[in-house]
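Here are my notes on the model you sent over. Have a look at it first, then read on.

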Amino acid sequence: MAFAALLVTAVVPGCSQGDGSGAATGTLDVPDCWSGPFDLKPDFFAAIPSDSTDSDSLQIRVQNGGDFENFSDGIAILVDDAGEVRGDPTPDGASRPSLLHQTLVVALSPSVTPPGVPITPVGHPSIVHASLYLDKTCRTQNIALYALDQVSLNPDGSCARPDGGEAPPCGTPETPATLANTTTSGAAPDASAPADASAPADAGSSIDATVAASSSDAAGSPIGTSTIVFNSLFDGNPAESNAQQRLTDATFDFYFADPREICPGGLGPPPPCRGHLTGYFKFYFERGVPAQPFP
């Protein structure tokens, strides 16, 4: 369940200085912490490429304040293969299409395995994962919510806790909603939705498509799906001199849930939505001073 630990082991301890622009607003329903409208007000942005020659992963931090994650609120995004998103040639020189400007489905990382939920093969796994950490707001609690490809929404499509209680109980097999035209990277380019009004026009960052709340489970309840659209993505080279190659620009529509609330055995509806945040981020990678590693 330690998504942050996964990120630490996957990337090098050097990142950008934190300057950029962005927004992340919506609602949260975190028991004993926060319930209602939420505005992250991010002002720290960082990209950390992998130092492994066998990996092209990229971690992105969109955070309020420049403190350590353990004392901050923010969103951690992990791109398993930045080259696939950018459309870079494979290591053997084979070409591949760019996934920039396409809507990519964001799902739970395979390394995050909820108790009692079997690991099932996925034909077209997502290559983008995200988590929300609220260590500043919730303080005494270790709060970590994860962006999922399927969460249960209220009949009106909202994430607010309904007056009648929580989502439908577990125990009944449900037919999961599926996304049409999903690529090997979880792209869903054929859906459409209105642009994010909070993003500035010069950012080029309006969500071209979203499948959130457009599908439903077997009982007819609306399902929310997390998505992200990259308009530009840092190429992972810390010594990059081309400004355009250092740019990361994206919009997102994240539906967060607690994986521990996934029905045991995978039976029942998707877990209840614990947060819905939309927004954007745009920043140029600028290499900072690496932190001193522990001996």
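The points below go from confidence to fold, core, aromatic rings and disulfides.

1. First, the ground rules. This is a predicted model, in which local features need pLDDT of at least 70 and side-chain atom pairs count only at pLDDT 80 or more, while totals for chains, interfaces and linings use all residues. Residues are numbered from 1 along each chain as its sequence is written, and side-chain values use heavy atoms, with hydrogens and water left out.

2. How far to trust it? pLDDT is the predictor's confidence in each residue, from 0 to 100. The chain averages 77, and 70% of the residues score at least 70. Among the elements of the chain, helix H1 (residues 3–10) has the lowest mean pLDDT, 40, and E12 has the highest, 98.

3. Two stretches deserve a flag. Over residues 189–214 the pLDDT stays under 50, and there the model has 68 contacts beyond four places in sequence. Residues 291–295 also have a pLDDT below 50, with one contact in the model beyond near neighbours in sequence. Contact here means heavy atoms within 4.5 Å.

4. Now the overall make-up. The chain has two helices and 14 strands; these are DSSP runs numbered from the N terminus, with at least four residues for a helix (H or I) and at least two for a strand (E). Of the contacts with a separation of 6 or more, 67% are between residues 24 or more positions apart. Buried residues make up 48% of the 295 residues, where buried means under 20% relative accessible area, exposed means over 50% and partly exposed is in between (1.4 Å probe, protein chains only).

5. On to the strands, which count as paired if DSSP finds at least two bridges between them. E1 and E2 pair in the antiparallel sense over six bridges, and Val30 has Trp34 in E2 as its bridge partner. Their hairpin has three residues between the strands, and Asp32 takes a positive phi near 65° in it.

6. E4 is worth following on screen. Strand E3 (residues 44–49) runs antiparallel to E4 and is joined to it by six bridges, with Ala46 opposite Arg61 in E4. Seven bridges join E4 to strand E5 (residues 73–79), again antiparallel, and one bridge partner to look for is Asp73 in E5, opposite Asn64. E4 (residues 58–64) is mostly covered, with six of its seven residues buried.

7. Which residues touch the most other members of the largest nonpolar core? In this core of 39 residues, they are Ile60, Ile75, Ile77, Ile228, Phe230, Phe254 and Phe281. A nonpolar core is a set of buried Ala, Val, Leu, Ile, Met, Phe, Trp, Tyr and Cys residues joined through side-chain atoms within 4.5 Å. Leaving aside neighbours within four places in sequence, Phe230 is in contact with residues including Ile60, Val79, Leu104, Asp249 and Phe281. There is also a second, separate core of eleven residues, which includes Val112, Tyr146, Cys159 and Cys273.

8. The rings next. The structure holds seven aromatic pairs: rings of Phe, Tyr and Trp (its six-membered ring) pair if their centres lie within 6.5 Å, and planes under 30 degrees apart count as stacked, over 60 as edge-to-face and the rest as tilted. Phe234 and Phe285 are stacked, because their ring centres are 4.3 Å apart and their planes are at 10°. This pair links distant parts of the chain, 51 residues apart: Phe234 is in the loop between E12 (227–232) and E13 (247–257), and Phe285 is in the segment after E14 (275–284). Both Phe234 and Phe285 are buried. Phe45, Phe252, Phe254, Phe256, Phe281 and Phe283 form one aromatic cluster.

9. Finally, the cysteines. There are two disulfides, each a pair of cysteine sulfur atoms within 2.5 Å. Cys33 and Cys138 form a disulfide with sulfur atoms 1.8 Å apart. The torsion about their S-S bond is about -85°, so this disulfide is left-handed. It links positions 105 residues apart, with Cys33 in the loop between E1 and E2 and Cys138 in the loop between E7 and E8. Cys33 is partly exposed at 24% relative accessible area, whereas Cys138 is buried at 7%.

10. The other disulfide joins Cys159 to Cys273, S to S 1.9 Å. With 80° about the S-S bond, the link of Cys159 and Cys273 is right-handed. Cys159 sits in the loop between E9 and E10, and Cys273 in the loop between E13 and E14, 114 residues apart. Both Cys159 and Cys273 are buried.
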